Amino acid sequence: MAAAESQSHAFQADVSRLLDLMVHSVYSERDIFLRELVSNGADACEKLRYEALANPALTGDDGNFLITVTLDKDAKILTVADNGIGMSEEDLTQSLGTIARSGTRAFLDRLKSETPEDQAKDTVVAGRDLIGQFGIGFYSAFMVAGRIDVETRKAGAGDAFLWSSDGKGAFTIAPLPLDEAPARGTRVILHLKEEAAEYLDPHKVEHILREHSSAITVPIALVEAPGQEPRRLTEGSALWTKPKSAVTELEYTEFYRDLSGQFDEPALTLHWRAEGRHEYTVLAFVPGSRPFDLFDSSRKGHGKLYVRHVLIAADADLLPSWLRFVRIVVDSADLPLNMSRELIQQSPVFAAIKKAVANRVMQELTKLEESDPDAYAKVWTNFGAVLKEGLYEDSERRDALFKLARFASTNDLDGKRTLAAYVGALRPNQTAIYYLNGVDLKALAASPQLEGFRARGIEVLLLSDPVDAFWVSSAVGFDGKPFKSVSQGAADIKAVPLLDGNEEKVAEPPSAALASLFALMKQELEGVAADVRASDRLSESPACLIAPEHGFDRRLERILAEHGQLKDVAKPILEINPTHPLIAALAAQVGHADPAALADIVWLVFDEARLLDGEKPANAADFAARLTRVLTKAVTAPAAKE
């Protein structure tokens with residue numbers, strides 16, 4: 001191999017940063033490199049198995065797939081070889097020189113902007129998740145290797161290549177003589193660092209492989225020294241094909257970790273075989289913690305679809321997007337192997353399987369909720385915001401989701417309230433399920449719009465997830481009770497009796513003075529408020545803003561406007577508490593006090609209502625000027641009297 005044939009390439013900037021992170025920050029997790037390399041080899045074998053369906057010549061007479069780990073103590077080399085699909089020169093550049101997942105960049109950017117203390121904390125917590133979840137497990141090998149050589153030949157290709165790097169900023173790619181290359185597939189050759197010599201111990205390597213990779217669908221063999229015969233460690237039998245009674249909890253856990261790229265324990269394991277009209281086997285896991293990309297904008301799930309043990313798609317759309325946190329494998333006996341991946345996922349059989357699997361997952365979540373409320377509470381804490389997307393998107397399963405849903409409320413700020421419990425505690429004459437939408441739970445709990453409801457003991461759901469603004473506007477109701485926003489339209493709660501110790505306050509001053517004040521306020525706020533009216537929902541605050549009866553809830557309106565989905569935003573209604581001392585004093589001043597001073601106070605009342613509703617004043621400069629004038633008058637008036 002001539003030196004001139006070798007081409008040097010610089011790593012993508014993100015890769016260089018990642019390599020530094022691998023070497024210096026997640027060193028305590030370095031055992032994971034072997035699992036990642038074996039998983040990559042298994043993926044390569046699965047890809048070739050699929051490609052060979054259409055082109056059997058790719059495998060030729062060797063249709064048996066194998067991953068071989070070879071140890072060479074004298075040369076201090078560990079090799080992971082597979083006879084899978086292999087890589088071309090372009091594949092090497094793209095796969096081993098760049099990072100395609102944007103979530104990795106976001107993580108690295110966050111580390112860059114943090115203090116050293118925060119970085120240390122983040123890398124301990126998220127470093128090992130970063131390895132598996134973003135498809136960058138290959139780079140973890142630099143934790144133990146001073147140099148890595150990759151010898152590869154793509155199945156069916158007439159050329160082979162050698163990729164080499166010390167992980168310090170660049171890599172080279174050069175042609176590899178065919179007599180030195182694998183017949184097909186890839187060899188990853190690790191030149192181990194001095195401090196990584198333990199990975200040349202056959203007992204340690206066997207322990208790692210059995211513990212972390214026993215569930216993969218490709219057999220693994222270990223060669224303890226050059227020239228020795230390979231020794232089979234695993235047979236590559238698919239875990240999901242075994243009966244549940246033959247699978248241990250540890251095997252399930254390790255398979256889950258390999259499937260998900262996470263290192264936690266699954267919160268729920270589901271394993272069943274469906275027979276009848278369609279035959280298929282399912283192995284699914286609800287993670288014990290939130291995946292790194294749970295709120296990725298693509299909202300794609302992570303399902304592996306097999307047909308008669310052949311991997312058809314590694315990211316099949318097996319579940320609705322609101323169940324995307326579930327890690328799942330489905331192996332069908334009915335789907336045709338001679339169709340493209342895209343056509344398979346459009347077939348009626350696939351649609352029927354997808355629907356049945358989603359229903360079964362929902363049933364199992366319901367069983368968990370009934371049998372182990374504490375375990376289910378953890379699932380809801382992690383994934384409730386995603387499950388609630390189904391309340392908006394899946395009307396067919398909405399009732400089932402309502403039974404699983406948990407909410408924060410004025411009676412339960414911890415977010416454990418069920419709708420069934422809410423309806424069971426309705427106050428006399430209460431005919432609706434009341435809710436308040438917002439961004440911050442504490443701010444919602446302190447909202448003036450709740451005062452009248454609190455005085456009557458009416459529980460209000462406090463909805464702070466962004467999706468809440470959407471589903472609650474489209475849901476008809478629950479158990480015959482409609483959902484009603486406390487910040488939209490008339491409160492209509494006079495029929496609900498006050499709690500003991502609360503008295504109905506009578507509006508003062510006289511109605512004529514109050515009517516004059518309302519007329520003045522409507523005139524002043526004509527451009528920003530649709531109406532000014534007396535409120536039956538306020539008992540302590542002077543004013544609040546309400547959305548019109550017909551139209552959008554105020555939070556949903558803001559979300560739509562921020563995303564360019566709504567051109568015209570409705571003017572809010574300003575509701576006034578006629579029993580509040582400030583309002584009574586203002587009404588008494590109408591026609592007597594300086595009109596300009598009254599106008600300042602009217603605008604300040606409006607801006608105060610905006611602030612309490614989570615908005616900014618209508619005009620910050622005008623707000624500051626009015627506040628200064630009112631405060632100046634308030635502190636100088638006593639001096640003038642003296």
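Which residues in α16 meet which residues in α19? The legends below take up this contact and three other close-up views of a predicted model.

**View 1. Contact of α16 with α19.** Leu520, Met521 and Glu524 in α16 meet Leu598, Ala599, Val602, Trp603 and Val605 in α19. Seven residues of this contact are nonpolar, none is polar and one is charged. Helix α19 spans residues 595–612, and its axis comes within 10 Å of that of α16, the two crossing at roughly 75°. Angles from 65 to 115 degrees count as roughly perpendicular, so α16 is placed in that class relative to α19.

**View 2. Contact of α2 with α6.** Helix α2 covers residues 32–54 and helix α6 covers residues 202–213. Their axes lie 10 Å apart, and the helices pack at an angle of about 60°. The two helices are therefore oblique to each other. The crossing in which α2 passes α6 is right-handed. On the α2 side, the contact is made by Leu34, Arg35 and Val38. On the α6 side, Val205, Ile208, Leu209, His212 and Ser213 take part. By residue class, the contact of α2 with α6 holds five nonpolar, two polar and one charged.

**View 3. The open sheet with strands β10 to β14, and helix α7.** The sheet is formed by five strands in the order β10-β11-β14-β12-β13, with mixed pairing. At its edges stand β10 (268–274) and β13 (310–316); each has a single partner strand, so one side of each is left without a neighbour in the sheet. On average, neighbouring strands are turned by 10° against each other, direction ignored. Within the sheet, strand β11 (residues 280–286) and strand β14 (residues 327–332) run antiparallel and are joined by six bridges. In one of these strand pairings, Thr281 has Asp331 of β14 as its bridge partner. Helix α7, residues 249–260, lies across β10, β11, β12 (302–307) and β14. The direction of α7 is at about 85° to β11.

**View 4. Surroundings of Ala491.** Ala491 belongs to the loop between β20 (481–485) and α16 (511–524); α16 is also the helix that meets α19 in the first view. Is Ala491 buried or exposed? Its relative accessibility is 2%, so Ala491 counts as buried. With neighbours within four places in sequence left aside, Ala491 is in contact with Tyr434, Phe453, Lys484, Asp536 and Arg537. Ile546 is 55 residues apart from Ala491 along the chain, and the C-alpha atoms of the two are separated by 9.7 Å.

Notes. Residues are numbered from 1 along each chain as its sequence is written. This is a predicted model: local features need pLDDT of at least 70, side-chain atom pairs count only at pLDDT 80 or more; totals for chains, interfaces and linings use all residues. Side-chain values use heavy atoms; hydrogens and water are left out. Axes are lines fitted to C-alpha atoms, for helices over the stretch in contact, and angles run from 0 to 180 degrees between N-to-C directions. Helices (H or I, at least four residues) and strands (E, at least two) are DSSP runs, numbered from the N terminus. Angles under 35 degrees count as roughly parallel, over 145 as roughly antiparallel, 65 to 115 as roughly perpendicular and the rest as oblique. A crossing is left-handed if the near helix is turned anticlockwise from the far one by less than a right angle, and right-handed if clockwise. Contact means heavy atoms within 4.5 Å. Ala, Val, Leu, Ile, Met, Phe, Trp, Tyr, Cys and Pro count as nonpolar, Asp, Glu, Lys and Arg as charged, and the others, Gly among them, as polar. Two strands pair if DSSP finds at least two bridges between them. Buried means under 20% relative accessible area, exposed over 50%, partly exposed in between (1.4 Å probe, protein chains only).
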